[in-house]
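This report goes through the fold of one protein chain, beginning with its sheet and ending with its helices and cores. The sequence and the structure are shown first.

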Amino acid sequence: MEKDYKKDFPLLREHRDIIYFDNAATSQKPDCVIKAEEDFYTQHNANPLRGSYPLSVEATDIYENSRIKVQKFINAASNREIIFTRNSTESLNLIAYSYGITNVNAGDKVLVSAMEHHSNMLPWQMVTKAKGAELEYIECADDGSVDLERIKEQVTDNTKIVAITQVSNVIGKINDVKSFAKVARSVGAKILVDGAQSVPHMPVDVKDLDCDFLVFSGHKMLSPMGIGVLYGKLEHLEEMDPFLYGGEMIETVTRTGATYAEVPHKFEAGTVNVGDAVGLEAAIDYIDTIGFDTIMKRERALTQYAFELIKDIEGIEIIGSQEATE
């Protein structure tokens, strides 16, 4: 008999009449995540990275252990390639401002798929408008798929960035971003992958994808709201300017200037969000305990069930694939 996972979630356990389908917007939080965050604030709370006293050192270690957990979860080469942000939106804006503004120039082109969330569209509208570059959209077919040959045609020598979601938040289509990355790399362009809807639902290996950047939000994968992740290849992160300025992201400060801290702290200005990072670590542990095989099997079964019930209802048009398995 399969486990009743609803019992792990306080809201679903205490309100059995609620059937919650809005995980693409935000997921419910299991007991282990809530308890992990509570434990930090009741047993270990101190400002990390700022003090040499035992409690601050302990808080720093806890925070950095959460970073290592994320690194292993997506198979990044180094924990220094993991930047904690508030969410995917902030991660995408960080890339746009710290990488895009510097590396996109007049006459260059940024490619964005037409299925992107606003968070992966508006920053590139800003960059291309500010720099006099061209923003071009990759159209998808009626079933929601993106043709690799179309991308090959659109990627040219003046393409600097290809920004595309791995899984559409509208139709759930899984894009072959690994193949798209190869095309981008053939002309020296960088590929940015929005993993907000993929990382919570399927194994994601950034080394295998060979993407330059990948972003995702913790709150869509069982962790508290307010914690997000930006993965970037270390070589890019080291060349990028900070996104925000203030405490923690500096090494030395004078009245006329400053030297920045090493990556990843260069991009984490101000007091960091340890409590939610700990919650994200607990969420990853919970997902690992269940296993993506089980998660994907259940999602496929639910999709098939829903598809069969709604496909013949008069007045309903299914946008995207006509097969529940795609």
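In which sense do strand 5 and strand 6 pair, and over how many bridges? The model is a predicted one. In it, strand 5 (residues 190–194) and strand 6 (residues 213–217) run parallel and are paired over three bridges. Leu192 has Phe213 of strand 6 as its bridge partner.

**The sheet**

These two strands belong to an open sheet of seven strands with mixed pairing, ordered 1-7-6-5-4-2-3. Strand 1 (82–85) and strand 3 (134–138) are the edge strands; each has a single partner strand, so one side of each has no neighbour in the sheet. From one strand to the next, the twist averages 20°. Helix 3 (residues 54–74) packs on the sheet and touches strand 1, strand 6 and strand 7 (228–232). The direction of helix 3 makes about 115° with that of strand 1.

Strands of a sheet pair through backbone hydrogen bonds, in either the parallel or the antiparallel sense. The table lists several pairings of this sheet.

| Strands | Sense | Bridges |
|---|---|---|
| Strand 1 and strand 7 | antiparallel | four bridges |
| Strand 6 and strand 7 | antiparallel | five bridges |
| Strand 5 and strand 6 | parallel | three bridges |
| Strand 4 and strand 5 | parallel | five bridges |
| Strand 2 and strand 4 | parallel | four bridges |

Individual bridge partners help to place these strands. Leu230 of strand 7 is the bridge partner of Ile83, and Leu230 is also the bridge partner of Val215. Further along the sheet, Thr165 stands opposite Asp194 in strand 5. Leu111 stands opposite Val162 in strand 4.

**Two covered strands**

How many residues of strand 7 are buried? Five of its five residues are, and the strand is described as mostly covered. In a regular strand the side chains alternate between the two faces of the sheet. In strand 7, Gly228, Leu230 and Gly232 point one way, while Val229 and Tyr231 point the other way, and all are buried.

Strand 4 (159–165) can be read in a similar manner. Six of the seven residues of strand 4 are buried, so the strand is largely enclosed by the rest of the structure.

**Helix 7 and its surroundings**

Helix 7 covers residues 177–186, and its buried residues are Val177, Ser179, Phe180, Ala181, Val183 and Ala184. They pack against helix 6 (148–154), strand 4, strand 5 and helix 8 (206–209). After helix 7 comes Gly188, with a positive phi near 80°.

On the side of helix 6, Leu148 is a residue to look at. Is Leu148 buried or partly exposed? Leu148 is partly exposed, because its relative accessible area is 26% and buried would require under 20%. Leaving aside neighbours within four places in sequence, Leu148 is in contact with Ser179, Phe180 and Val183. Those three residues are among the buried residues of helix 7. By contrast, the C-alpha atoms of Leu148 and Ile250 are 43 Å apart, with their positions 102 residues apart in sequence.

**Helix 2 against helix 10**

Helix 2 (residues 31–44) packs with helix 10 (residues 274–290) at an angle of about 145°, and their axes are 8 Å apart. The crossing of helix 2 and helix 10 is right-handed. From helix 2, the contact is made by Cys32, Val33, Ala36, Glu37, Phe40 and Tyr41. From helix 10, it is made by Val274, Gly275, Asp276, Val278, Gly279, Ala282, Ala283 and Tyr286. Sorted by class, this contact has 10 nonpolar, two polar and two charged residues.

**The nonpolar cores**

Which residues of the largest nonpolar core touch the most other members? Of its 58 residues, these are Ile191 and Leu214. Helix 10 gives the most to this core, with 10 residues. Apart from neighbours within four places in sequence, Leu214 is in contact with Val193, Val199, Val204, Val206, Leu209, Val229, Leu230 and Tyr231. Of these contacts, Val229, Leu230 and Tyr231 are buried residues of strand 7. A second, separate core has 22 residues, including Tyr99, Val112, Leu237 and Phe267.

Key
Residues numbered from 1 in each chain as written. Predicted model: local features only at pLDDT ≥ 70, side-chain atom pairs only at ≥ 80, totals over all residues. Heavy atoms only, no water. Axes fitted to C-alpha atoms, helices over the stretch in contact; angles between N-to-C directions. Left-handed = near helix turned anticlockwise from the far one by under 90°. Contact = heavy atoms within 4.5 Å. Nonpolar A, V, L, I, M, F, W, Y, C, P; charged D, E, K, R; others polar. Pairing = 2+ DSSP bridges. Buried < 20%, exposed > 50% of the residue type's maximum accessible area, 1.4 Å probe, protein only. Core = buried A, V, L, I, M, F, W, Y, C linked by side-chain atoms within 4.5 Å.
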